[in-house]
Amino acid sequence: MNHKIAFSFADGKTLFFEAGANELLLDAALRNGVNIPLDCREGVCGTCQGRCESGQYTLDYVDEEALSERDLAQRKILACQTRLHSDATFAFDFDSSLCSAVGTQIVQGVVTSVELVSRSTAILHLDASATAQQLNFLPGQYARIQVPGSSHWRSYSFANRPNSRNHLQFLIRLLPDGAMSNFLREQCQPGMTLDLEAPLGSFYLRQVEKPLVLVAGGTGLSAFLGMLDELADEGGRGHAIQLFYGLTQDADVCELPRLDSYQSRIPGFTYQVIVSQPSEQWKGKVGYIPDYFYPEQLAGQEFDIYMCGPPAMVEAVKNWMEIKGLDNFNMYYEKFIQSNSPH
Ligand code: FES
């Protein structure tokens with residue numbers, strides 16, 4: 001027996017389709033041309049998450065990094081792991097336009113440079129101008145890039161906004177031993193061509209109608225560079241924007257001149273860098289990101305919070321919000337998991 005399914009989206013649109021008995025929700029959606037953002041299809045990355053508002057379902061597998069116990073109690077689901085037992089309605093906190101029939105595309109990017117911006121961080125610059133049309137993505141989304149000569153693909157957030165020249169940047173953490181890291185360190189040369197698939201992910205800058213709190217962990221900064229590029233080109237959107245940029249070690253801090261430039265180009269933009277295990281040379285802030293939140297200030301206004309970084313950072317901030325009893329915000333986040341999700 002088929003089940004009637006409704007997907008409602010943040011832009012107020014609702015899409016309807018039918019799913020077969022015991023069919024995975026994601027398979028039913030894709031079969032009906034509803035291309036919701038996805039990545040791993042294994043219940044790990046959390047990209048396909050939504051919330052069940054009515055109906056019966058079970059989940060095959062959910063990695064604890066994708067959804068917490070609390071998320072599950074709130075009936076959050078992963079579409080790639082959801083089996084339906086009745087008609088059901090699901091809400092997704094991204095716009096329906098992300099599910100267009102167009103889906104992703106694979107394009108070629110020519111390496112123009114690999115710029116080392118800290119001890120362990122590089123910016124990969126690609127020129128994809130041979131692609132006739134502008135590569136469309138939303139600031140904050142990511143691409144998968146193939147490690148040449150291998151079957152490995154790695155996910156990285158765009159570090160700039162879409163542009164007609166299709167010049168692309170990705171902030172990449174260089175691991176001591178990783179397929180992409182080794183390639184970038186040892187073989188990558190200007191002029192080489194890389195395949196990339198985009199756009200991917202549901203983490204992107206929504207309509208700015210409230211003050212923004214941006215929380216970046218390590219190379220999670222990449223997604224925010226894309227968002228801030230867009231806000232800077234538009235001269236901001238009339239609301240305060242605070243960026244908290246957290247790292248384990250100060251030797252990995254990067255792109256401060258760029259963040260400084262946003263301060264002059266985006267009215268109301270401020271940022272702070274917080275290091276948890278600093279060297280003796282570090283003169284800046286020490287600790288973890290929530291140590292530098294001001295509960296009274298946050299409690300006094302509605303705000304949107306965006307987080308991109310390791311799962312532990314995202315969970316620490318979520319827990320802090322809960323402990324402080326704050327519920328006056330919309331939260332969007334992307335957790336990255338080694339070599340499977342962004343970064
Ligand atoms: S695509 Fe469903 S959890 Fe990754």
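**Exercise 1. Decide whether alanine 91 is buried, partly exposed or exposed, and describe its surroundings.**

Solution. Step one is to count neighbours: in this predicted model, alanine 91 has 16 other C-beta atoms within 10 Å. Step two is to compare that count with the cut-offs, under which a residue is buried with 20 or more such atoms and exposed with 12 or fewer; alanine 91 is therefore partly exposed. Step three is to place the residue, which lies in strand 7, residues 88-91. Step four is to list its contacts: leaving out residues up to four places away in sequence, alanine 91 touches Ser8, Gly50, Arg51 and Glu53. As a last step, take a pair of residues and compare the two kinds of distance: alanine 91 and cysteine 40 are 51 residues apart in sequence, and their C-alpha atoms are 20 Å apart in space.

**Exercise 2. Find which elements of domain 2 touch domain 3, and describe that side by residue class.**

Solution. Begin with the division of the chain, for which the domain assignment gives domain 1 (3-99), domain 2 (105-200) and domain 3 (212-335). The C-alpha centres of domain 2 and domain 3 are 24 Å apart, and 17 residues of domain 2 are in contact with 17 residues of domain 3. Next, look at the elements that give two or more residues to the side of domain 2 touching domain 3, which are strand 8 (105-118), strand 11 (153-157) and strand 12 (167-173). Of these, strand 12 gives the most, with 4 residues. Finally, sort this side of domain 2 by class, which yields 8 nonpolar, 6 polar and 3 charged residues.

**Exercise 3. Trace how strands 8 and 11 are paired with other strands.**

Solution. Start with strand 8, which pairs in the antiparallel sense with strand 13 (residues 193-200) over 6 bridges; here isoleucine 106 has glutamate 197 of strand 13 as its bridge partner. Strand 8 is also joined by 7 bridges to strand 9 (residues 121-127), again running antiparallel, and valine 110 has aspartate 127 of strand 9 as its bridge partner. The link from strand 8 to strand 9 is a hairpin through 2 residues.

Now turn to strand 11, which pairs in the antiparallel sense with strand 10 (residues 142-146) over 5 bridges, with tyrosine 142 opposite serine 157 in strand 11. These two strands form a hairpin with 6 residues between them, and glycine 149 in its turn has a positive phi of about 75 degrees. To finish, consider the surroundings of strand 11: 4 of its 5 residues are buried, so this strand is largely enclosed by the rest of the structure.

**Exercise 4. Identify the helix that gives the most to the largest nonpolar core, and describe that helix.**

Solution. The largest nonpolar core has 55 residues, and those with the most contacts inside it are Ala143, Phe170, Leu214, Val215, Ala216 and Phe224. Helix 4 (residues 221-233) gives the most to this core, with 7 residues, and the core draws at least three residues from each of domain 2 and domain 3. For a closer view, take leucine 214, which is in contact with Phe224, Ile241, Gln242, Leu243, Phe244 and Tyr306 when neighbours within four places in sequence are left aside. A second, separate core has 26 residues, including Cys48, Ile77, Ala88 and Phe90.

Helix 4 itself has 13 residues and reaches 18 Å from its first C-alpha to its last, close to the 18 Å expected. The helix is mostly covered, as 10 of its 13 residues are buried; among them are Leu221, Phe224, Met227 and Asp229. Just after helix 4, glycine 235 takes a positive phi of about 70 degrees.

**Exercise 5. Explain why strand 17 and strand 19 are each left without a neighbour on one side.**

Solution. First set out the sheet, an open one in which 6 strands stand in the order 17-16-15-14-18-19 with parallel pairing. Strand 17 (285-286) and strand 19 (329-335) stand at the edges, and each has a single partner strand, so one side of each has no neighbour in the sheet. For strand 19, the pairing with strand 18 (residues 303-309) runs parallel over 7 bridges, and phenylalanine 303 stands opposite phenylalanine 329 in strand 19.

Key:
Residues numbered from 1 in each chain as written. Predicted model: local features only at pLDDT ≥ 70, side-chain atom pairs only at ≥ 80, totals over all residues. Domains from an automatic or database assignment. Contact = placed C-beta atoms within 7 Å. Nonpolar A, V, L, I, M, F, W, Y, C, P; charged D, E, K, R; others polar. Pairing = 2+ DSSP bridges. Core = buried A, V, L, I, M, F, W, Y, C linked by C-beta atoms within 7 Å. Expected span 1.5 Å × (residues − 1).
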